[in-house]
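Colleague: I would like to learn how to read a model. Please take me through the features one at a time.

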Amino acid sequence: MKKQCANCGHTINENDAICPVCGKDRDSEGYKHPQKNKFIALIGIVVFASLAFYLVSQIVSFVEEANKPKEFKDLTNKEMQQFLEWDANEQQKKHENEKFFK
Ligand SMILES: [Zn+2]
């Protein structure tokens, strides 16, 4: 994007820090931009940090929820059936592995 030098009116590139004709620093906006950019960058960092924090806390609570053992009162019939089968299986294995002569 092209800009005009505030001093001599020569058309200069947006990226040029000084005017190639008169050598003056770019227009007065050139002095405001760094502050504005810093402010935007700061907001960006804050937004990104809170988003990252939110995401991490969501993941942590999801993992905690997934790892939390279910209470018996929350089990569905199917889950209770599966638990009973698993428990019977464990009891059976335990029984099979016991010494015959006690
Ligand atoms: Zn100039």
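**Reading the model**

Modeller: The protein chain has an average pLDDT of 84, and 89% of the residues score at least 70. pLDDT is the predictor's confidence in each residue, from 0 to 100. This is a predicted model: local features need pLDDT of at least 70, side-chain atom pairs count only at pLDDT 80 or more, and totals for chains, interfaces and linings use all residues. Residues are numbered from 1 along each chain as its sequence is written.

Colleague: Which element has the highest mean pLDDT?

Modeller: Helices (H or I, at least four residues) and strands (E, at least two) are DSSP runs, numbered from the N terminus. Helix 2 (residues 77–97) has the highest mean, 94, and strand 1 (residues 2–4) the lowest, 77.

Colleague: What should helix 2 span?

Modeller: The expected span is 1.5 Å times one less than the number of residues. For the 21 residues of helix 2 that gives 30 Å, and its end C-alpha atoms are 30 Å apart, which agrees.
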